[in-house]
Amino acid sequence: MSTFEIKMPKLGESITEGTIMRWAVKIGDMVQEDDILFEVSTEKVSAEIPSPVAGKVIEIRFSEGDVVPVGTVMAIVEIEAEVGKPEPDKVTEKAATPPPDSEKEETSVTPKAAKQDTAVPKSDQERFYSPLVRNIAKTENISQTELDSITGTGFQGRVNKNDVLQYLEARKKPGQKAVPSSEPSRPTIPVSDGDRIIEMDRVRRIIADHMVMSKKVSPHVTTIVEADVTKLVQWRNRVKDDFFHRTNVKLTFMPSITEACARALADFPQVNASVDGYNMILKKNINIGIAVALDNGNLIVPVIHHADQLNIDGLAIAIDSLANKARNNKLAPDDIQGGTFSITNFGTFKNIIGTPIINQPQVAVLGVGYVEKKPAVVETPDGDVIAIRHKMYLSLSYDHRIVDGALGGSFVRRVADYLEMERDSK
């Protein structure tokens with residue numbers, strides 16, 4: 001029989017695995033092209049995966065809740081043109097024995113063969129290591145040969161963080177210089193009567209690991225400026241009603257802030273970049289991620305692609321659409337990948353200053369504070385006067401490997417300059 005392999009898709013440029021949340025089919029089901037096969041969840045997005053072919057599901061290799069690496073064969077579909085040929089009396093989820101006259105293009109396998117097919121390769125070129133494991137190995141000077149020798153206890157024999165940390169402990173032999181730990185030892189946390197212990201959900205665990213990894217990878221520096229956004233506030237007050245009638249979208253400050261960032265990124269392309277070893281990758285496209293707080297307390301960063309090519313109307317509509325999709329769990333894979341710079345608006349919660357963590361593999365993130373009225377000295381032709389102005393703090397956290405203080409300071413000052421400019425009355 002001729003079959004088609006259904007593999008775990010790649011749902012983002014930094015995504016390496018996905019969790020099977022739900023199977024929409026079972027062994028023996030007939031599916032049409034684009035019928036939903038399963039739902040997968042990653043650290044950034046949940047998605048329903050359609051079948052690329054029509055046919056019969058003859059094998060399912062993983063169960064709901066399993067974490068599967070990208071590219072791993074998850075199921076086998078006998079393509080429609082072959083359905084009806086002689087086949088075994090019963091195809092089980094674990095294995096199927098092909099008929100003697102079946103085609104050799106692809107066949108079902110025995111349980112032992114299936115395990116070999118999906119196991120993580122052991123060679124140093126093919127064995128999978130997560131970015132966190134590779135970062136710990138680099139920090140602790142673990143050679144590739146040593147890394148390949150570590151026995152993995154994770155999914156399908158994968159080496160996880162605990163495996164590497166246990167290896168480091170075992171490597172500390174008497175008489176040898178102790179190897180510095182990749183992270184501080186965990187303190188003993190006392191638990192008192194009435195304390196509640198709540199296990200992190202899967203997304204929160206991924207966020208936690210990603211934040212720790214970012215702080216280890218990038219030497220963070222934060223520069224803060226105060227912007228006088230009085231003209232922006234006055235402009236918004238003039239046009240917001242007409243804007244809503246034209247677009248059916250409420251006009252916030254975020255489209256103007258995103259526009260200012262896009263213009264500044266074009267002026268300073270080294271901030272719109274990534275670091276790969278000793279190489280600086282300056283990104284051609286300006287794709288700006290906007291952090292969105294979800295109702296469950298987690299965070300996601302949908303991306304506005306080619307933000308420099310959109311006007312205020314386009315940016316406002318894109319931001320509103322992505323935020324609604326994020327809160328309703330409707331983001332598509334393209335909506336959360338390809339970001340080159342990020343903005344987080346903690347001013348929404350009336351916070352004035354923060355020091356955000358860089359969203360890897362980007363090299364900078366802008367924190368936006370609350371707009372508040374303040375007395376300020378204003379220069380006039382008749383001399384200095386004290387006036388009430390609308391002020392806002394902007395804080396830029398950046399990767400000091402590629403962005404120095406002069407560049408980071410110049411960039412965030414340029415963003416503020418664009419926000420302080422006189423605006424068209426339209």
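**Pocket lining.** I classed the residues that line the second largest pocket of this predicted model and got 21 nonpolar, seven polar and four charged. I then looked up the volume of the second largest pocket, which comes to about 810 Å³. The lining counts 32 residues, and the ones closest to the pocket centre are Thr252, Met254, Arg327, Asn345 and Thr348.

I asked which elements each supply at least two residues of this lining. I found helix 7 (254-267), strand 13 (292-293), helix 8 and strand 16 (341-345). Helix 8 gives the most, with seven residues.

**Helix 6 against helix 8.** Since helix 8 gives the most to the lining, I looked up its packing next. Helix 8 covers residues 312-327 and packs with helix 6, residues 230-247, at an angle of about 70°. I noted their axes as 12 Å apart. The angle falls between 65 and 115 degrees, so I entered helix 6 as roughly perpendicular to helix 8. I recorded the crossing of helix 6 past helix 8 as right-handed.

For the contact I listed Trp235, Phe243, Arg246 and Thr247 on the helix 6 side. On the helix 8 side I listed Ile312, Asp313, Ala316 and Ile317. By class, this contact has five nonpolar, one polar and two charged residues.

**Helix 7 against helix 9.** Helix 7 also supplies at least two residues of the pocket lining, and I checked it against helix 9 (residues 405-420). The two axes come within 9 Å and cross at roughly 135°. I therefore put helix 7 and helix 9 down as oblique to each other. I have this crossing, too, as right-handed.

From helix 7, the contact takes in Ser256, Ile257, Ala260, Cys261, Arg263, Ala264, Leu265 and Asp267. From helix 9, I wrote down Phe411, Arg414, Val415, Tyr418 and Leu419. I sorted the contact of helix 7 with helix 9 into nine nonpolar, one polar and three charged residues.

**Backbone exceptions.** I went through the backbone with the usual expectation: most residues other than glycine have a negative phi, and most peptide bonds are trans. What is phi at Asn248? I read a positive value of about 60°, although Asn248 is not a glycine. I located Asn248 in the loop between helix 6 and helix 7.

I also noted a cis peptide bond between Gln360 and Pro361, with omega about 5°. I placed Pro361 in the loop between strand 16 and strand 17 (364-368). Strand 16 had already come up as one of the elements in the pocket lining.

Notes
Residues numbered from 1 in each chain as written. Predicted model: local features only at pLDDT ≥ 70, side-chain atom pairs only at ≥ 80, totals over all residues. Heavy atoms only, no water. Axes fitted to C-alpha atoms, helices over the stretch in contact; angles between N-to-C directions. Helix = DSSP H or I, 4+ residues; strand = E, 2+ residues; numbered from the N terminus. Parallel < 35°, antiparallel > 145°, perpendicular 65-115°, else oblique. Left-handed = near helix turned anticlockwise from the far one by under 90°. Contact = heavy atoms within 4.5 Å. Nonpolar A, V, L, I, M, F, W, Y, C, P; charged D, E, K, R; others polar. 1 Å grid on protein atoms, 1.4 Å probe; cavity = no way out; pocket = protein on both sides within 12 Å on 5 of 7 lines; lining within 4 Å. Points joined across faces, edges and corners; volume = space filled by probe spheres on them.
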